[in-house]
Amino acid sequence: VDFQSNMVHSDSVLFTIPLVNIDVTPKRAVIAACVAGGIYYGYKTFLDQFEDDITCSLTVAGASIGDPEHDVAQEEIYKLSDKWLLSERRDMYQRHRKRHCQGYYTKAPIPGSLAPDGTIYLLENNQKASLHGLIKFVSETWKEKQGSSPSHVCLLFGSMSCPAWRGAAAKLVTEKLAQRNVQTIHIYTKEANPKDLFPNKINAAAGFEIEEHQSIDDRIRAAKMASEHVQKQIRSQEPPILVADSMDDSLERAYESIPYRVYLVDPSSMKITFSSRLGPFNPLGKANDASESLNS
């Protein structure tokens, strides 16, 4: 934290933010830096627009509603959506977050159902592959290294314009499930908050904004930036397993993942065993719930 320039610098998230509208005490400034240089500022600014019936805690694990140790309750997602629908961004919210609103009938896979397959793009050579093929490859590679097949593979959907994925979820989910010997496959989707369609105050405050992808080259370029970001976050010598969704967004639609979402898949049956709830909140809770589901 540089108090002379009144800026927070964060190596882990590739940007700096001005300390604006924050009670600039050393403790709060350090919190702002720890939660990815924008999550604290952005969510506080956002939630201050509403009444006090939404309780939001802000920690190094990102922004949480309710119990931060577990995923956000569906009722809280509806409550927050109702607030958005009363705001000046109502139409924009309905277009880009309709799945979060009451009355939407979800088609996302549930535990026990087959994991949808689809086309992915490999970042190394821009070649196409299938998601099921990648899950099988990861499982077989794990077996060669560890001597036994993994019980699960994690699918973590996200994008760099999602502050919660960028700042907390990618790291927390990857590291938490690695402790349970679960390999995470990151799937880079369309941008959760593209600057030109659904701008986000957190990204604007951080000076970090990405426009909607116009081509697969745009998406792969953003995905490569995400790969470097996650590798730096988890302090790994090797890049994470990160691939890109196709430009028809088939996997994002099939898994209803925007802004980010966590699934666990049994590679032997290709069936879903866990799915997180929608919304950017409670990244630590999503990671905890995914980990705890492995106990059953």
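This passage walks through a seven-stranded sheet, the helices that pack on it and a few of its residues. The model is a predicted one, so local features need pLDDT of at least 70 and side-chain atom pairs count only at pLDDT 80 or more, while totals for chains, interfaces and linings use all residues. Residues are numbered from 1 along each chain as its sequence is written, and side-chain values use heavy atoms, with hydrogens and water left out.

The sheet is open, and its strands line up in the order β6-β5-β9-β8-β7-β10-β11 with mixed pairing. Helices (H or I, at least four residues) and strands (E, at least two) are DSSP runs, numbered from the N terminus; two strands pair if DSSP finds at least two bridges between them. At the edges sit β6 (128–130) and β11 (271–275), each of which pairs on one side only. From one strand to the next, the twist averages 35°. Angles like this run from 0 to 180 degrees between N-to-C directions, with axes being lines fitted to C-alpha atoms, for helices over the stretch in contact.

Two helices come up against this sheet. Helix α5 (residues 131–146) packs on it and touches β5 (119–122), β6, β7 (153–158), β8 (183–188), β9 (241–245) and β10, where contact means heavy atoms within 4.5 Å. The direction of α5 makes about 155° with that of β8. Helix α8 (residues 216–233) lies across β5, β8 and β9, and runs at about 155° to β9.

Strand β10 (residues 261–266) has a partner on either side. With β7 it runs antiparallel, joined by five bridges, and Phe157 has Arg261 of β10 as its bridge partner. With β11 the pairing is again antiparallel, over four bridges. Here Tyr263 is matched with Ser275, and Val265 with Ile272. The hairpin of β10 and β11 has four residues between the strands, and in it Met270 takes a positive phi near 60°. As for its surroundings, β10 is largely enclosed by the rest of the structure, because five of its six residues are buried (under 20% relative accessible area; exposed is over 50% and partly exposed in between, with a 1.4 Å probe and protein chains only).

Burial also shows up among the cysteines. Cys154 counts as buried at 0% relative accessibility, and Cys101 is buried with a relative accessible area of 10%. A search of the whole structure for disulfides (pairs of cysteine sulfur atoms within 2.5 Å) finds zero.
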